[in-house]
Amino acid sequence: MAKERLDKIIASAGLSTRSEVKLLIKKGLVSVNGRVVSDPALKFDCEADEIMIDSRPLRKGKFVYIMLNKPKGVVSATNDSKDVTVIDILPEDFKKKNLFPAGRLDKDTTGFCLITDDGEFAHNILSPAHHVSKTYIAQLDKPVDFSVAVQAFKEGVVLGDGTVLLSADLELVENTLTPTYKVVINEGKYHQVRRMFATLGSTVKELKRIKIGGLVLDSSLKEGEARLLTEEELFKITESDVK
Ligand code: URA
């Protein structure tokens, strides 16, 4: 295969702009065939040469990974006969064939929705076996008994239909009459967070996903806004979650 500039090869993996790539190279995070490369203009063969970013191999596919800050009222589906979908609201530049949301957020849940055309990646981050956590901020109609809730979440909540959930973490964020909690879960069952709090007698009024794995929702994205993930950010999703 013909040789191309290093920054072009990395950028055309679809995950970073050329200027972001230049920064990665400047930070000494890019190596080719085992040697750190500091010149973005050097040419390589993306098939034959082993390009590593922060010690991880560059993805060679042309998949797309989009972070959307989902607003309320939009469904996480590819198409829907009556509701607006997360695909409908993407900027035209990002729309391409086969995009789908990796995991579901309820119509009224806001926050981090990951949209991709990479089925294998989506499967990996959704499968409980891969331990990619999802972090939510939940505001309730009334407080739960905090120590009882922490213990129940840790042990694995048993839902009304008998489903036994994996262990989850609970933190108090704001202690008011309608308190706010941070919840970290390790799977994605239907209405999971709402149903977990329902077992404790409280109703979730507002729910926002703020993090997938180790990647936090970009706070500069307003609701309804989306952007491509960088290569580094993509790795953060599957990295173990450093709190
Ligand atoms: N848990 C829920 O109850 N709803 C969501 O949208 C996501 C997780």
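Guide: Let's begin with a word we will need: two residues are in contact when heavy atoms of theirs lie within 4.5 Å. Please keep in mind that this is a predicted model.

Visitor: Good to know. Which residues does N69 touch, not counting those up to four places away in sequence?

Guide: N69 touches G111, L217, L221, K222, E223, G224 and E225. As for its place in the fold, N69 is found in strand β7, which covers residues 65–70.

Visitor: Is N69 buried or exposed?

Guide: The general idea is that a residue counts as buried when its relative accessible area is under 20%. N69 has 3% relative accessibility, so it counts as buried.

Visitor: What does the side chain of N69 reach?

Guide: Here we look for polar contacts, meaning pairs of N or O atoms within 3.5 Å. The side chain of N69 reaches the backbone oxygen of L221 at 2.9 Å. It also reaches the backbone nitrogen of G111 at 3.5 Å.

Visitor: Let's turn to S76. Where is its place?

Guide: S76 is in the loop between β7 and β8, and β8 covers residues 100–101. A loop residue can be buried too: S76 has a relative accessible area of 8%, and therefore counts as buried.

Visitor: What is S76 in contact with, leaving aside its neighbours within four places in sequence?

Guide: S76 is in contact with K70, V86, P101, G103, R104 and L105. For L105 there is a polar detail: its backbone oxygen lies 2.7 Å from a polar atom of the S76 side chain. With G103, compare sequence and space: S76 and G103 are 27 residues apart in sequence, and their C-alpha atoms are 7.9 Å apart.

Visitor: And across the chain, what share of contacts between residues at least 6 apart in sequence join residues at least 24 apart?

Guide: That share is 64%. The chain has 6 helices and 15 strands, and 44% of its 243 residues count as buried.

Visitor: Now the ligand, please. Which residues are around the ligand?

Guide: They are L105, D106, T109, Y136, H191, Q192, V193, R194 and L207. You have met L105 already, as a contact of S76. Helix α5, residues 192–198, gives the most to this shell, with 3 residues.

Visitor: Which polar atoms lie by the oxygen atoms of the ligand?

Guide: An N or O atom in the side chain of T109 is 2.8 Å from an oxygen atom of the ligand. Two residues take part through their backbone: an N or O atom of H191 lies 3.2 Å from a ligand oxygen, and one of Q192 lies 3.4 Å from a ligand oxygen. Taken alone the ligand exposes 240 Å², and the protein buries 97% of that.

Visitor: What kind of space does the ligand take?

Guide: The ligand takes the space of the largest pocket.

Visitor: One last feature: which residues have a positive phi although they are not glycine?

Guide: D54 is one of them, with a phi of about 50°, and S55 is another, with a phi of about 70°. D54 is in the loop between β5 (51–53) and β6 (56–57), and S55 is found in the loop between β5 and β6 as well.

Visitor: How do D54 and S55 count, as buried, partly exposed or exposed?

Guide: Over 50% relative accessible area means exposed, and partly exposed lies between that and buried. S55 is at 63%, so it counts as exposed, while D54 is at 31% and counts as partly exposed.

Definitions and conventions. Residues are numbered from 1 along each chain as its sequence is written. This is a predicted model: local features need pLDDT of at least 70, side-chain atom pairs count only at pLDDT 80 or more; totals for chains, interfaces and linings use all residues. Side-chain values use heavy atoms; hydrogens and water are left out. Helices (H or I, at least four residues) and strands (E, at least two) are DSSP runs, numbered from the N terminus. Buried means under 20% relative accessible area, exposed over 50%, partly exposed in between (1.4 Å probe, protein chains only). A polar contact is a pair of N or O atoms within 3.5 Å; within protein, one must be able to donate a hydrogen and the other to accept it, and residues adjacent in sequence count only if both atoms are side-chain atoms. A residue is near a molecule or strand if one of its heavy atoms lies within 4 Å of it. Accessible areas come from the Shrake-Rupley method with a 1.4 Å probe; for residues, only the protein chains shown count as cover. On a 1 Å grid over the protein atoms alone, a cavity is a set of points where a 1.4 Å probe fits but cannot get out, and a pocket is an open set with protein on both sides within 12 Å along at least five of seven lines; lining residues have an atom within 4 Å of a point. A molecule sits in a cavity or pocket if more than half of its atoms lie within 2 Å of its grid points.
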